[in-house]
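Biologist: Hey, got a minute to walk me through this one? I'd like to start with a single strand and work outwards.

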Amino acid sequence: MKRGGKITVTNAPTPTERRRFAPRPADFSGFVRAQNARLVDGTGRPLLLRGVGLGNWMLPEGYMWRFGPGAESPRQIESLVTQLIGEDAADAFWEEFRDSFITESDIREIAASGFDHVRLPINARVIQDEDGAPIEAGYAMIDRLIDWCRGHRLWVLLDLHGAPGGQTGTNIDDSPHGIPELFMSDRYRLLTIQLWEELAKRYAGETVVLGYDLLNEPLPNEWQYRYAGELAALYQDLTAAIRMHDPDHLIMYEGSHWGTNWDMFTEVWDDNSCLQFHKYWSAPDAGSIAAFLEARDRLGLPIYMGEGGENTLEWIYTAFRMYETYEIGWNFWPWKKLATVTSPVSVVPPAGWGKVVAAIDDVDAISRPEAQRVFDDLLAAIRIENCESRADVVAALLAEGPAVLPSWGFGYRGAGESYGTAVSPTVPGIRDGDHVAINWRQPGDNPTNPFEQSDGRPYHPAEELVVELDTDDWLEFEVATRVDPATTRVLDRSGKDAPVRIHTSERGLRVVATTRTAISRVIPGGAGW
């Protein structure tokens with residue numbers, strides 16, 4: 001993902017500008033809509049979205065199965081399953097997979113965890129045949145999800161993750177040939193317009209549907225320049241097609257290059273629209289989202305962080321506090337995958353799964369009977385009641401009892417609000433707009449970007465950051481759960497207790513240095529932690 005440069009952000013919210021957001025759960029009395037560069041619910045109350053993405057359900061992605069090259073795209077994964085267990089058994093497997101990977105129990109748990117919406121990644125091949133006709137079995141999945149979410153008070157954002165022909169040119173969109181043929185073929189373009197017309201006709205009037213996310217991460221890398229004009233034109237044509245049938249639902253436009261390039265957004269195409277960015281593996285600082293904040297102010301449209309995650313608990317806690325400080329709703333990616341510490345739910349791989357992975361390169365690595373047994377066991381393992389809960393991920397996301405607060409995860413409200421420091425900044429490119437001294441825990445062999453832990457592994461010592469504080473310097477950390485200063489620990493760069501005082505504050509806790517020190521992390525204490 002693109003990393004932000006040294007951009008000074010001047011529109012950070014002040015205490016008087018902070019608004020109260022309506023509490024979850026979702027309200028279905030009207031449509032979510034854009035109003036004065038923010039989102040509001042059907043009653044007109046300000047809305048700060050907090051949700052999770054249902055990746056891998058309608059569009060499988062190889063990394064969520066612990067697969068590598070050769071089984072990364074949906075077509076490749078389907079081919080592997082067919083090779084290993086045969087066509088008829090593979091058809092039966094996928095039918096049961098779609099009945100088991102996301103069930104009402106998942107939706108119940110998502111709502112109980114404190115989220116207010118889900119983002120549904122849709123593969124065009126699941127709901128539309130090659131001639132453009134609807135596939136009712138695919139629409140039944142969407143309808144079933146909407147009914148579950150109605151009962152558990154969650155909105156559903158419909159996301160076209162794999163458009164006809166493919167919109168990315170990578171393995172995440174189910175493209176037939178690994179290139180963005182949506183922008184090369186009039187046929188695929190017409191099929192995509194027909195698909196969104198069908199969705200709009202079916203779900204016009206359905207207030208459980210939050211809105212329409214037109215294309216996931218279109219045109220990354222070199223494609224972002226080659227087809228920039230075609231993407232903007234397609235967005236406008238899709239908007240016109242949707243509005244012929246549905247005047248009410250929010251429309252979302254994602255930037256190109258993994259959602260980070262917003263150069264095309266120079267005018268407002270629809271008054272009831274929202275701009276979406278994604279953010280992975282980059283510094284969680286205001287400079288990295290400055291272009292998105294500028295577009296919100298310039299165009300008067302709400303903005304939304306539609307995908308982010310796949311990182312450490314420290315990064316998750318910090319990045320998602322940043323979004324909320326700047327009044328940006330968000331969606332965490334993804335809810336569930338195999339053998340993970342970075343998602344709220346982890347599927348336990350069945351015995352023999354390693355042989356399935358090995359079969360990507362050597363189909364003889366596993367016999368057909370054993371492969372059938374492994375895939376049968378997987379269908380049981382993916383049901384949420386048989387999965388492992390990663391409650392620490394949810395705690396970090398919502399700041400409700402997070403296990404650890406990194407020193408560089410202090411608040412984003414500026415000097416006098418989130419920090420009071422006298423030491424000058426040090427490491428460039430990390431929270432440059434804040435006058436706080438962030439430095440390496442140990443010098444030497446430090447990475448250019450210390451935020452690339454896509455598997456959630458612990459930081460290596462050379463990757464760790466500390467904040468240097470002088471006597472009476474202070475930092476505030478924002479949490480939703482009350483902290484007990486007596487049982488909270490603040491560690492210095494050597495892992496020992498730092499010389500600090502700890503106070504509770506309206507937004508969480510404040511750490512005050514009693515002498516010059518460098519702190520690495522805060523381990524909060526108290527009931528519920």
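Biologist: Which residues point one way from strand 7 and which the other way?

Modeller: Quick note before I answer: this is a predicted model. Leu250, Met252 and Glu254 point one way from strand 7, while Ile251 and Tyr253 point the other way. All of these residues are buried.

Biologist: Why do they split up like that?

Modeller: That's how regular strands work: the side chains alternate between the two faces of the sheet.

Biologist: How many residues of strand 7 are buried?

Modeller: 5 of the 5, running from residue 250 to 254, so strand 7 is largely enclosed by the rest of the structure.

Biologist: Which strands does strand 7 pair with?

Modeller: Strand 6, residues 209-213, pairs with strand 7 in the parallel sense over 3 bridges. Strand 8, residues 273-279, is joined to strand 7 by 4 bridges, and those two run parallel as well. If you want residues to click on, Gly211 has Leu250 as its bridge partner in strand 7, and Ile251 has Ser273 as its partner in strand 8.

Biologist: Nice. What about strand 4, is it buried or exposed?

Modeller: Mostly covered: 7 of its 7 residues, 117-123, are buried. Both faces are covered, with His117, Arg119, Pro121 and Asn123 on one side and Val118, Leu120 and Ile122 on the other.

Biologist: And its neighbours?

Modeller: Strand 3, residues 50-53, runs parallel to strand 4 and is joined to it by 3 bridges. Look for Val52, whose bridge partner in strand 4 is Val118. Then there's strand 5, residues 155-162, also parallel to strand 4 and joined to it by 7 bridges. Over there, Asn123 stands opposite Gly162.

Biologist: Switching topic. Which residues have the most contacts inside the largest nonpolar core?

Modeller: Ile142 and Leu158, in a core of 163 residues. Domain 1 and domain 2 both give residues to this core, so it lies between them.

Biologist: What does Leu158 touch?

Modeller: Leaving out residues up to four places away in sequence, Leu158 touches ten-odd names you can look up, including Leu120 and Ile122, which you just met in strand 4. Ile142, Trp196, Leu199 and Tyr203 are also among them, and so are Val209, Gly211, Tyr212 and Asp213.

Biologist: You mentioned domains. Where are they?

Modeller: Domain 1 covers 49-397 and domain 2 covers 404-528. Their C-alpha centres lie 34 Å apart. As for how they meet, 19 residues of domain 1 are in contact with 23 residues of domain 2.

Biologist: How many helices and strands are there in the protein?

Modeller: 14 helices and 22 strands. The radius of gyration is 23 Å, close to the 24 Å that the globule rule gives for 529 residues, so the protein is as compact as a globular protein of that length. The C-alpha atoms fill a box of roughly 70 × 55 × 45 Å along the principal axes.

Biologist: And how much of it is buried?

Modeller: 60% of the 529 residues count as buried. On the outside, the protein exposes about 19700 Å², and carbon and sulfur atoms supply 48% of that.

Biologist: What's the order of strands in the open sheet of 3 strands?

Modeller: The order is 11-12-13, with mixed pairing. Strand 11 (336-338) and strand 13 (388-389) stand at the edges with a single partner strand each, so one side of each has no neighbour in the sheet. Strand 11 pairs with strand 12, residues 345-347, in the parallel sense over 3 bridges, and Leu338 stands opposite Val347 there.

Biologist: Any oddities in the backbone?

Modeller: A few. The peptide bond from Trp333 to Pro334 is cis, with omega near -25 degrees, and Pro334 is in the loop between strand 10 and strand 11. Asn56 has a positive phi, near 85 degrees, though it isn't a glycine. Glu217 has a positive phi too, near 40 degrees.

Biologist: Are those two buried or exposed?

Modeller: Asn56 is buried, with a relative accessible area of 2%, and it is found in the loop between strand 3 and helix 1. Glu217 is buried as well, at 4%, in the loop between strand 6 and helix 7.

Notes: Residues numbered from 1 in each chain as written. Predicted model: local features only at pLDDT ≥ 70, side-chain atom pairs only at ≥ 80, totals over all residues. Heavy atoms only, no water. Core = buried A, V, L, I, M, F, W, Y, C linked by side-chain atoms within 4.5 Å. Buried < 20%, exposed > 50% of the residue type's maximum accessible area, 1.4 Å probe, protein only. Domains from an automatic or database assignment. Contact = heavy atoms within 4.5 Å. Rg over C-alpha atoms; globule rule 2.2 N^0.38 Å. Areas by Shrake-Rupley, 256 points an atom, 1.4 Å probe, with all protein chains shown as cover. Pairing = 2+ DSSP bridges.
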